[in-house]
Amino acid sequence: MEELIARVTTKTGLDAATAQTAIGHILAFLQKEGPATEVAQLFAAMPGADAAAAQANQGEGGGGGLMGMLGGMMGGGVMALGQKLMAAGVPMGQMQPLGAELFAFGREKAGEDVMGPIVGSIPGLNQFV
């Protein structure tokens, strides 16, 4: 996970703590919305992915609060993920570079056979990769 955080901070200019939080939110989103088999393969290829996603999920607090309300109003999905990333301190202009770097890393570690179905199965995700 340290390598991915370093790559994201270099690519986006985000600080390491913000990058780590954002990566956790994205991984938790993939875990919830993506195809279980491929997401499990991705997590297995990225040591620390389970912990990062679990930490992001822990911060959800059962989906309550303002972010839960916003996510509910937007129907969840990629829009809700974008709201979580903005709340974590990721500017709108850095979301695409963040996603592109995370998915490039995923392709390097797990392969296109794993990443392709993940991206293809989640509506709107391709705009971030």
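A residue is called buried here when its relative accessible area is under 20%. By that cut-off, 40% of the 129 residues in this protein are buried. The model on screen is predicted.

**The whole chain**

Start with everything shown as a cartoon. The protein has 8 helices and 0 strands, so every step below moves from helix to helix, in an order that reads α-α-α-α-α-α-α-α from the N terminus. Switch to a surface: about 6,300 Å² is exposed, and carbon and sulfur atoms supply 56% of that area. Contacts can also be sorted by their separation in sequence. Among those between residues at least 6 apart, 69% join residues at least 24 apart.

**Helices H2 and H4**

Select residues 16–33, which are helix H2, and residues 49–58, which are helix H4. Two packed helices are described by the angle between their axes and the distance between the axes. For H2 and H4, the angle is about 90° and the axes are 7 Å apart. The two helices are therefore roughly perpendicular to each other.

Now show side chains where H2 and H4 meet. On the H2 side, select Gln-20, Gly-24, His-25, Leu-27, Ala-28 and Gln-31. On the H4 side, select Ala-49, Asp-50, Ala-52, Ala-53, Gln-55, Ala-56 and Asn-57. The residues of this contact divide into 6 nonpolar, 6 polar and 1 charged.

**Helix H7**

Move on to residues 92–110, helix H7. H7 has 19 residues and reaches 27 Å from its first C-alpha to its last, close to the 27 Å expected at 1.5 Å a residue.

Which residues of H7 are buried? Select Met-95, Pro-97, Leu-98, Gly-99, Glu-101, Leu-102, Phe-103, Phe-105 and Gly-106. To see what these buried residues pack against, add helix H1 (2–12), H2, helix H3 (36–45), helix H6 (77–87) and helix H8 (112–121).

**Two charged residues in H7**

Pick Glu-101, which lies in H7. Is Glu-101 buried or exposed? Its relative accessibility is 12%, so Glu-101 counts as buried. Leaving aside residues up to four places away in sequence, Glu-101 touches Leu-4, Arg-7, Val-8 and Lys-11.

Next pick Lys-109, also placed in helix H7. Lys-109 is partly exposed, with a relative accessible area of 38%. With residues up to four places away in sequence again left out, Lys-109 touches Glu-3, Ala-45 and Met-46. Draw a distance from the C-alpha of Lys-109 to the C-alpha of Phe-43: these residues are 66 apart in sequence and 9.7 Å apart in space.

**From H7 to H8**

Follow the chain past the end of H7. Just after this helix, Gly-111 takes a positive phi of about 95°. Helix H8 covers residues 112–121.

Show H7 and H8 together. Their axes are 7 Å apart, and the helices pack at an angle of about 140°. H7 and H8 are therefore oblique to each other.

For the contact itself, select Phe-103, Gly-106, Arg-107 and Ala-110 in H7. In H8, the residues that meet them are Glu-112, Val-114, Met-115, Ile-118 and Val-119. This contact of H7 with H8 divides into 6 nonpolar, 1 polar and 2 charged residues. Phe-103 and Gly-106 were also among the buried residues of H7 selected earlier.

Methods
Residues numbered from 1 in each chain as written. Predicted model: local features only at pLDDT ≥ 70, side-chain atom pairs only at ≥ 80, totals over all residues. Heavy atoms only, no water. Helix = DSSP H or I, 4+ residues; strand = E, 2+ residues; numbered from the N terminus. Buried < 20%, exposed > 50% of the residue type's maximum accessible area, 1.4 Å probe, protein only. Contact = heavy atoms within 4.5 Å. Areas by Shrake-Rupley, 256 points an atom, 1.4 Å probe, with all protein chains shown as cover. Axes fitted to C-alpha atoms, helices over the stretch in contact; angles between N-to-C directions. Parallel < 35°, antiparallel > 145°, perpendicular 65-115°, else oblique. Nonpolar A, V, L, I, M, F, W, Y, C, P; charged D, E, K, R; others polar. Expected span 1.5 Å × (residues − 1).
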